[in-house]
Protein chains: 2
Amino acid sequence: MASLKDIAKECGVSVATVSKALNDQADISSQTKEKVRAAAERLGYSPNAAAISLKTDRTENIGVLFVDEARSGLTHEFFARILDSFKRTAEAHGYDITFINSSSANGSRLARMSYLEHARYRRFDGVVIACVDFTDPEVIELIGGEIPVVTIDHIFNNRTAILSDNIGGVKDLTTYCYNKGHRKIAFIHGSKSTVAQNRLSSFYRTAEQLGLEVPDAYVIPSDYRNLEAACRATEQLLDLPDPPTCILYPDDYSAFGGIKAIRRRGLRIPEDISIAGFDGTPIAEQIDPRLTTVAQNTEEMGRLAAMHLIEEIRHPKTSLVEVITVGTEVSPGESVGTCRK
Amino acid sequence: MASLKDIAKECGVSVATVSKALNDQADISSQTKEKVRAAAERLGYSPNAAAISLKTDRTENIGVLFVDEARSGLTHEFFARILDSFKRTAEAHGYDITFINSSSANGSRLARMSYLEHARYRRFDGVVIACVDFTDPEVIELIGGEIPVVTIDHIFNNRTAILSDNIGGVKDLTTYCYNKGHRKIAFIHGSKSTVAQNRLSSFYRTAEQLGLEVPDAYVIPSDYRNLEAACRATEQLLDLPDPPTCILYPDDYSAFGGIKAIRRRGLRIPEDISIAGFDGTPIAEQIDPRLTTVAQNTEEMGRLAAMHLIEEIRHPKTSLVEVITVGTEVSPGESVGTCRK
DNA sequence: TTGTATGCGTTATCAT
DNA sequence: ATGATAACGCATACAA
């Protein structure tokens, strides 16, 4: 592949001149620039990112660590939507996106590298992390490293974080159900993550403020996006001597598990029992009845994560560590009905 | 960040020795190796991918071009599942994954770069392309370039392709409906792509073989994953003087649009009318009634794409250009009922 | 306006 | 077993 040297030879000028010409520097005559550009075109010149990076100490490449329970965020709708928005924003600002991987290769260079080592190896200008398990030692190591980091849905010391307003979302949703007359609201929740904990706390707090009683049996842990588990939890709730009139699920996908269990018993939604999801996936609006849920603004989360990371990359001195909360919104749907009991 | 030079200084040996020691070459004494490794550890040495790439002319990085109608493959379930599988396979073999982007940055280096220029700039060892529009000149340029390429769901001259057996899938699905007694089968199909064309041809051919009559009004184009369009197409079909008893949709998502239109008229699935999707998304199994669909083996497609691309990267001389078809399977579900009319 | 020289971090060749 | 040296492709300070 043609290099600056080839162009220099072709044009009878020095490599330095070619470099400056192609970078459109002021101290090169326009004739020379034209000549150089033409030769570059003719020879099929392509700049070499590795060489540039070696000189400039910047890669214009951002590392992405998106890990869900299944060790991969790609098929996870919520993550995928954030990542997509992040990617578009980063690309619009001249950055490429490379995945930081799970370090399990055999024999290769990347084998045995931790996330941080991997990120250093590739000299990422910055890193974005969305992750279910922020207690993973490798994740903590990465966050504690010298590379600019933005985290999504988790706060770390001295690192910019983009948060979805889970607390407000649960509060609004619970209040919405309350206003529909529901007094027996069950809460199936994810576990382990801070997100899940925040949501659970918000549920209890809101219930207290509304004067709702929440029996322990109404609160059941269930992994995110685990349809089977949500299905079982629902059955458990329906089997109670005093079952809830409304069930809140950890995510829209889990709500499908609930629907399954409910329909299996011949109950109708929302006439016999109400349900709500969380996330606001497109499909939630399309099922029958339209799923009541909390829409998370993934577009904005991804955009803000990219903007703040790039700001920190470009202006490390002046950029501030911020914790940014992105609002959520109750998407009414039709799966929470008026309760008259 | 510590470099070989720093380690050399620390250990009182030459840079060459350090390099060889860390690469575990045979001509370095084990004492020296140990000393060097210890120093590397102590100084927090991290290899520099850019420098290595400059020397070795390999990046161990694979470019990914996934583009759907909305110019973004990440939120596209089908692509996301293939990409996820591809990624896992590539990582297991020591490759990173970087997106080839849509070349629209301002002012940056990547601005105005075509896909091929971008891929050259990053010196990707290979490239994988999944794309709705393979007639895009930039895509064609990339495929015609010197970088190893594997395409997904599209055949190009002299390039390895991984195909989903769309033809067999449509054939099997149509036959399945036929065997359920349906003689009036409508086909809502994607447009523009070869995939869509293959499926349509297969539908017509299968119908002919089965002796089915297919009125023109039973075949309606509709974009993939466009729920509204599928909804309208369904209404159009239901309004016919002689409406179909079974409707096939371009994808599972579109089937939701059909369900909406059908339910809106108070019709039941599958008692009053049968439907089927395409893809085999997890959600298809979870709705009520379970959606009859054609499962595409995205896991296998991604894995094979990665394996073949890596084979071509590592053994360019001996690797063959192959067209590989990955089987599909009818997933019965319950949305196609027995037809007695 | 152009060229020379240097070095970024690494690998590889050839001496020693 | 180890080291000196060149080279990969490029940007840049400085000299001309």
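These are my notebook entries on the chain contacts, the DNA surface and the domains of this predicted model.

**Chain A against chain B.** I looked up the contact between the two chains and found 48 residues of chain B in contact with 48 residues of chain A. On the side of chain B that touches chain A, I noted that helix 4 (49-56), helix 5 (77-92), strand 2 (96-99), helix 6 (115-121) and helix 11 (252-264) of chain B each supply at least two residues, and that helix 5 of chain B gives the largest share, 8 residues. Sorting this side of chain B by class, I recorded 20 nonpolar, 13 polar and 15 charged residues.

**Around DNA strand C.** I then turned to the 25 residues around DNA strand C, of which Val13(A), Ala16(A), Thr17(A), Leu4(B) and Ala16(B) come nearest. At least two residues of this surface come from each of helix 2 (15-22) and helix 4 (49-56) of chain A, and likewise from each of helix 1 (4-11), helix 2 (15-22) and helix 4 of chain B. The largest share, 5 residues, I traced to helix 4 of chain B, and by class the surface near DNA strand C has 12 nonpolar, 9 polar and 4 charged residues.

**Domains of chain A.** I looked up how chain A is divided and found domain 1 (4-47), domain 2 (61-164 + 298-327) and domain 3 (166-296). For domain 2 and domain 3 of chain A, I noted C-alpha centres 30 Å apart, with 11 residues of domain 2 in contact with 10 residues of domain 3. The side of domain 2 of chain A that touches domain 3 of chain A divides into 3 nonpolar, 4 polar and 4 charged residues.

Notes:
Residues are numbered from 1 along each chain as its sequence is written. Chains are lettered from A and ligands numbered from 1 in the order in which they are written. This is a predicted model: local features need pLDDT of at least 70, side-chain atom pairs count only at pLDDT 80 or more; totals for chains, interfaces and linings use all residues. Two residues are in contact if their C-beta atoms, placed from the backbone, lie within 7 Å. Helices (H or I, at least four residues) and strands (E, at least two) are DSSP runs, numbered from the N terminus. Ala, Val, Leu, Ile, Met, Phe, Trp, Tyr, Cys and Pro count as nonpolar, Asp, Glu, Lys and Arg as charged, and the others, Gly among them, as polar. A residue is near a molecule or strand if its C-beta atom, placed from the backbone, lies within 6 Å of it. Domain bounds come from an automatic or database domain assignment.
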